[in-house]
Structures are given as C-alpha cells and as structure tokens.
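Please work through the exercises below with the sequence and the model open beside you. Each one sets a task and then takes the solution step by step.

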Amino acid sequence: MKKNPFKIPPKTLRLLKKIGRLADERAEAAYAVGGFVRDLFSGHPGVDIDITVEGDGVTFAEKLARLTGSEVEAFTRFGTSIVVVPGFGKVDVATTRSESYESPGALPSVKKSGIIQDLYRRDFTLNAMALSLSPGYFLKLLDPFGGLEDLRKGRIRALHEKSFIDDPTRIFRAVRFEQRFKKRIEKKTQHWLLEAVKGDYIQRVSGERLRNELRLIFQEPHPERAVLRLEELGVLPHIHPSLGVSAAVKKILPGIAQSILFFHQNKMALEDEKMVWFQSLLLGPGEKEAEALSKRLMLSRAEQKIVSQTAKTFPALLKELSKEELTASRMYRFLFPLRPEVQCYLMAAAPPTLRKKMASYFIKIQKAVPWVRGKDLQTMGIPPGFRYSFILLEALNGQLDGKFKNRKEALDWVKKSFVS
C-alpha cells in the first residue's frame, strides 16, 4: 500500500503516525474512525480527527496531550476525551466500546469492547469504517459492514433494524447525510426509519437533543432540501404537532438562503442564522403553539424571543408592509423592534416587490447616521426627559423620509418645533 493513498495533508499525516506509534508503545491499537474515514474516501478530508483505542482511551488521550503539548478534556462516563492540538485542531479520542439502550431515545449504556463491536454501534455503514494507525498496518482499511461499497454506490444504510428505535435522532442524521452527500436512504433502511416514525419514538427523545439535530440540519449547505425530506417522511409532526411544511412554506424556503446572504453581504449581524431557517417550520402556529414548541425543544431565551416575535407578527406584518403608501419611517417603526433573524425571515417570505423595498430600506438604515442626537437637544436647552426619545425618533423619521436635506435642516426643525 502507498504511504499516503488518500492525499492526507502532511500535518495530519504526521499526527496520525505519531498516534499510531504511541499506541504501539503502549501495546494498544489505535484507529481513525467515523466521519474522518468517510470523508477521506469521498475525497474531502476533514479537519477534525476521530480516534478510537482498543485499550484505555482516557489515559491514551492524556499521553497524547503531553506528547503534543495539548490541552485535554475527558468524559469518563463514555470513555471519551477531546485533545486540542496546537496548530492543528481537535482530536476526539475514545475507548472502543459497545452500547445498549435501556429504552428508545435514552442515552446509551456503554462498556469496553473490540473494534468490530465499536463499529457496529454506529449509525450507518459509511460511518462504520476504520483505518489502522499501527505502524505495521498504517492506513489499512477495516470495513466489516460494507461501508465503502455503500459510499460508492450512493446508499445510506443502517446497521440493524433497531437502529432508529435505539436512537431516533438517527432519523435526522439519515436525512442530513442523504442531502449532504447526494445519496439515497437504502430501501430497507427507509422502512426501518418509517417504522420508528410511526411508532412515535421521536417523542421519547429530549427536546435538547431534537433541537441540536435541527440546528445541525440548518448548518448544511442546503437546509431546505432536508426540511422538505423530513416533511415527506412524516417526521416533523412527531416532534410537535405545530411543525410542518405547508404550501406557503415551500415557496418561502428557496428565498431564505438569499435573504441570509443579503444580510451578510451588507454586514447586518445575525447572531444565530440557523434560527432564520427554524422559523420556516412555524408558519401557521399561534402564540400558544409557539410557546409550547419552545418548551418542547428547550429553546434558549433568545431563541424563544425569535419564535414569539414570528408568531406575533407573521403574516400580518407582511400585509402592512405591502401597503403602497408605506414610508421608510413606518417601515422602521415596524421592523426596528424585531430581532434581525425575524427581519431576515420576513424578507425571505415577502413577495418580490416588497422584498426589493425591504432590501432598499435595510441598505438605507445601515448607512443612516442620525443627524439629531441627545447632545444636540442638550445644547438647545431642552430639559432631559421622556421627550428626548420622541424628538429623536421624529427627527430620524423625517431624515429617513427625506423631509430634511441635511443635518442643518433637521436641527432647524427641532428648534422650531420644540424650543420656545
């Protein structure tokens, strides 16, 4: 075998060899596993490395950290550690283990095992391949379940019929991988998936884990494809009855990526762009349903605020914004109180004519520097108080609507209107 048949970057290759030598010195066996191996065969080597050790993974990680001058964080319950290697990145180190589930959706109970059992516990065959790092067998493939063939033939295949019952979050992963790698869920695997959906096993998964799976989907290059596939498979209502993809949402989905791109290009901050996608699943639910959904998915306060604002304003606000006589100042009044993620979603959901108006408004408001400020009011002798907010807002409204040509005209208007 060639020394580097996968065109692994030199820095990564050196680290893999170092890991293999360390395992050999400790009379243990180390393997690169999971997504790292899958991506090598796909021609897209990842940055992070997943390592599993037939031995003591936690102690191995500590030794590796000392060897590379790295920091390490251990999670002893699962025999896993994270080693952050300077100048490289994250290396996940785990003890080879098998898993059992006391109930569907529960976190697994683990015990030490060999590499074959470790690969068998994984979600899909394309993630159940390993590369030996032992010096004598360096980069030799271990593929007991035909993952490489499935990868080449474009199949997402589960390892056993209880896979989605043991861990229903694999339903979301199957869809995510299917769309990301442009492969198809194998026929028997899809049957197992649908049986788990019909059995309502998703309801047994914690809200936090479901939220995390949705967020991972929204990080994909084309989240809209995965959302439509989840709807097709009947998954979404099993998360919460309020979730779904209506005909209206199908029209909105293609515009979300464009709306997010517009915000980025114009340097308009989105603290959590994944929540722009999340709103697409909420078209229809009222405030009570939105609140219940927020609780089900254990959303943070910031996320709950976004959901709440969407439920309160959509789609009534779009109708208001669509009125012909709408001025820039009125648009500011409607949009300014909303979180940027809600503004971004409204832009995606707006009809083409309104979308252009909103784009012009957002560009204008980004460049706008208020001509009248609090210091100006003080200089004019206007006593500080609640009137300041009103005066400043009216002055800004006049500026946005073109009532004033420059700062001098704005200040003159304030003096004439509010200084006796």
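The exercises that follow concern a predicted model, and they go from the sheet to the helices and then to the aromatic rings.

**Exercise 1. Establish the strand order of the open sheet, and identify its edge strands.**

Step 1. The open sheet is formed by 7 strands in the order E3-E4-E5-E2-E1-E8-E9, and the pairing is mixed.

Step 2. Strand E3 (71–75) and E9 each pair on one side only, and these two are the edge strands.

Step 3. At the E9 end, strand E8 (residues 130–132) runs antiparallel to E9 and is joined to it by 2 bridges, with Leu131 standing opposite Leu141 in E9.

**Exercise 2. Describe the surroundings of strand E1, and decide whether it is enclosed or open to the outside.**

Step 1. E1 is joined to E2 by 4 bridges, the two strands running antiparallel, and 3 bridges join E1 to E8, again in an antiparallel arrangement.

Step 2. Tyr31 can serve as a reference point, since this residue stands opposite Thr52 in E2 and opposite Ser132 in E8.

Step 3. The side chains of Ala29, Tyr31 and Val33 point one way from E1, whereas Ala30 and Ala32 point the other way, and all are buried.

Step 4. Because 5 of the 5 residues of E1 are buried, the strand is largely enclosed by the rest of the structure.

Step 5. Two helices complete the description: helix H1 (residues 10–25) lies across strand E1 (29–33), strand E2 (49–54), strand E4 (80–85) and strand E5 (89–95), running at about 10° to E2. Helix H2 (residues 35–42) also packs on the sheet, where it touches E1, E2, E8 and E9, and its direction makes about 55° with that of E1.

**Exercise 3. Classify the crossing of H17 and H21, and name the residues that make the contact.**

Step 1. The axes of helix H17 (residues 328–335) and helix H21 (residues 387–400) come within 7 Å and cross at roughly 130°.

Step 2. With that crossing angle, H17 is oblique to H21.

Step 3. On the H17 side the contact is made by Ala328, Ser329 and Tyr332, and on the H21 side by Leu393, Leu396, Asn397 and Leu400.

**Exercise 4. Classify two aromatic pairs, and place their rings in the model.**

Step 1. The count of aromatic pairs comes to 13. For Tyr120 and Phe145, the ring centres are 5.6 Å apart and the planes stand at 45°, so this pair is tilted.

Step 2. Tyr120 lies in helix H4 (residues 115–120) and Phe145 in the loop between strand E9 (141–142) and helix H5 (147–153), so the pair ties together parts that are 25 residues apart in sequence. Tyr120 is partly exposed at 39% relative accessibility, and Phe145 is also partly exposed, with a relative accessible area of 21%.

Step 3. For Phe177 and Phe181, the centres are 5.7 Å apart and the planes at 35°, so this pair is likewise tilted. Phe177 counts as buried at 6% relative accessibility, as does Phe181 at 18%.

Step 4. Phe177 and Phe181 also belong to a cluster, in which ring pairs link them with Phe124 and Phe164. The charged end of Arg38 sits over the ring of Phe177, 5.1 Å from its centre.

Technical notes
Residues numbered from 1 in each chain as written. Predicted model: local features only at pLDDT ≥ 70, side-chain atom pairs only at ≥ 80, totals over all residues. Heavy atoms only, no water. Phe/Tyr/Trp six-rings, centres within 6.5 Å; stacked < 30°, edge-to-face > 60°. Buried < 20%, exposed > 50% of the residue type's maximum accessible area, 1.4 Å probe, protein only. Lys NZ or Arg CZ within 6 Å of the ring centre and 35° of its normal. Pairing = 2+ DSSP bridges. Contact = heavy atoms within 4.5 Å. Axes fitted to C-alpha atoms, helices over the stretch in contact; angles between N-to-C directions. Parallel < 35°, antiparallel > 145°, perpendicular 65-115°, else oblique.
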